[in-house]
Amino acid sequence: MQRVSLYWIVGLLIISGISLAWLRHTQMQIPFKPGSDTGVWLIEARVTFTASQRPVLASLSIPKKPPGFRLFNEQAASPGYGFSIVDQGENRRAEWSRRTAEGTQTLYYKIQLTRNPEKQQIPEHPPASPDSVNWRPPEATAAHALIEAAGATSSTPESLTREIIKILNASEKEQNAALLLADYRQEILLTRLLAEAGIPSRVVQGIFLEDGRRNQSLVPMVEVFARDQWILFNPATGEQGVPEHFLLWHRSGPSLLDLSGGSSARVSFSMIYQSIPALEMARVQSSNNGFSFLSMHHLPLDQQGVFKLLLLIPMGALVVTFMRILIGVSTSGTFMPVLIGMAFLQTSLIPGLIYFLTIVGTGLLLRSYLSYLNLLLVARIATIVIIVITLITLASLMSIRLGFHTGMPVTAFPLIIIAWTIERMSILWEEEGMREVMVQGTGSLVVALCAYAFMRHPTVAHLSFNFPELNLVIAALILLMGQYTGYRLFELHRFAAMKDRTP
């Protein structure tokens, strides 16, 4: 009778989940397959500042015909403020105004873009010749020497720009470059040197688009006018042209953000990549049906990024349940492999795997020493947590010093889980021996890698975020596996010899 009730619940969950997902698909036109429709980048600029009981006017530079992208929708969300977009020729600015305001204020500007495969040919008017540059006496000598050295191996404005960037980025900087870089940021110095050479240039700012990123800042670039067009250069790498997934946000105008009536202004950017039909986008946003009300797409972008990761946990739980109940893999902790797999999603696989093995291995060695001190459990775990944090900090700093920029994301590892993993494996080592530690540790990593591969699959990530009701189906499958009482796959292999002896 109990099993019959379970089957009813399982059937109800599966039917409800699939039906709701199908209704969402038909009502909101969200595809079941990722990439089958137009990809949309949704970028949100958040302006925060402290108002001082005076009339407020905030002006933010916004994109206008960014190369490689097509703008099809933009909106602002700022209660109590008047909003308008001011077109100033080559420059566009979003302006918020209010009679008076006090305290912390937050203004939002959202823009939706799609990739534009056609290369935009924007007619450019030749800018005025650059003004003369004021250098201090030692700087003037260094600048002239540096331009002369770069000019000896170049013949065009583009090649001169590349040669100057090479000199500025050299690992062993010459005296002239070191002197100038001590007083100027690299992008500013590059424009001054180009102006000294008579080549028009300007500092622009843009953002590298990456799905789910939050609180990002703009990256400075330099545009050089040559061959009747502005050509983009990355002063950090010398790369010429607009990089893929790079959105040029601020190209001209006095500054990125102008503010009167407030202080402590800051601009941060969040972004998310959506796979939503472009033709149905307007209908989805204006729809008032229940599915639209409960859609993840109406949450703030930073929360969407959180839910995009959170909704993958049921998928990882399904993998762990399958591997433990049906395959028979032993793991350290029930759902610790899911958390490890989630950490790999944030750090990428290879760096995350290296850091995890290094930190856990080192922590086990240190934990073996702590066991001789006869500490209580709480003090022992607290010491392990501190050791783990210290190891992660050292690993991150060493990675950055060595030029590997994968060191910082490792801090996303759940510290308490790693500390508890070390503690559990140490106790297991004392009670069961090293062999059992290797079995459970290897099993945890294997299951974590399986969960990582499953959660990272584009279809799984797409379905989990856009159709959260499918978690009902996941719950039903887990309930069904919970009723399994037969042999696990590894047990079948283990007792295969007995079967051969059966007459």
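Two strands count as paired here if DSSP finds at least two bridges between them. With that in hand, let us walk through this predicted model.

## Strands around strand 4

A good place to start is strand 4, which spans residues 91-115 and pairs with strand 1 (residues 39-62) in the antiparallel sense over 20 bridges. Within this pairing, leucine 42 has glutamine 112 of strand 4 as its bridge partner.

Strand 4 also runs antiparallel to strand 2 (residues 69-77), to which eight bridges join it. Here alanine 76 is found opposite tyrosine 109 of strand 4. Strand 3 (residues 82-88) is another antiparallel neighbour of strand 4, joined to it by seven bridges, and serine 84 faces glutamate 95 across that pairing. Strands 3 and 4 make a hairpin with two residues between them. If you look at the turn, you will find glycine 89 with a positive phi of about 70°.

## The open sheet 7-6-5-8

Further along the chain, four strands build an open sheet in the order 7-6-5-8, and their pairing is antiparallel. Strand 7 (229-233) and strand 8 (246-250) sit at the edges; each has a single partner strand, so one side of each lacks a neighbour in the sheet. On average, neighbouring strands of this sheet are turned by 45° against each other, with direction ignored.

One of the pairings joins strand 5 (residues 201-208) to strand 8, antiparallel and over four bridges. Isoleucine 207 has leucine 247, in strand 8, as its bridge partner.

## Helices on the sheet

Two helices are worth turning the model for. Helix 3 lies across strand 6 (219-226) and strand 7, and its direction is at about 20° to strand 7. Helix 5 (residues 186-196) lies across strand 5 and strand 6, running at about 150° to strand 5.

## Glutamate 158

Helix 3 covers residues 157-169 and includes glutamate 158. This residue has a relative accessibility of 9%; because buried means under 20%, glutamate 158 falls in that class.

The side chain of glutamate 158 makes a polar contact with the side chain of arginine 227, at 2.6 Å. Leaving aside residues up to four places away in sequence, glutamate 158 touches Ala226, Arg227, Ile231, Phe233 and Gln240.

## Annotated transmembrane regions

The unreviewed UniProt entry annotates "transmembrane region" at residues 6-23, 306-327, 339-366, 373-396, 402-422, 434-455 and 470-490.

How do two of these spans look in the model? Residues 306-327 are 91% helix and 0% strand, and the C-alpha atoms at the ends of the span are 31 Å apart. For residues 434-455 the figures are 100% helix and 0% strand, with 31 Å between the end C-alpha atoms.

## The protein as a whole

Stepping back, the protein has 18 helices and ten strands. It has 503 residues, of which 42% are buried. The exposed area is about 26,900 Å², with carbon and sulfur atoms supplying 60% of it.

Among contacts with a separation of 6 or more, 77% link residues 24 or more positions apart.

Note on methods:
Residues are numbered from 1 along each chain as its sequence is written. This is a predicted model: local features need pLDDT of at least 70, side-chain atom pairs count only at pLDDT 80 or more; totals for chains, interfaces and linings use all residues. Side-chain values use heavy atoms; hydrogens and water are left out. Buried means under 20% relative accessible area, exposed over 50%, partly exposed in between (1.4 Å probe, protein chains only). Contact means heavy atoms within 4.5 Å. Accessible areas come from the Shrake-Rupley method with a 1.4 Å probe; for residues, only the protein chains shown count as cover. A polar contact is a pair of N or O atoms within 3.5 Å; within protein, one must be able to donate a hydrogen and the other to accept it, and residues adjacent in sequence count only if both atoms are side-chain atoms. Axes are lines fitted to C-alpha atoms, for helices over the stretch in contact, and angles run from 0 to 180 degrees between N-to-C directions. UniProt positions are given in the numbering used here, feature names are shortened, and annotations may be inferred rather than shown by experiment.
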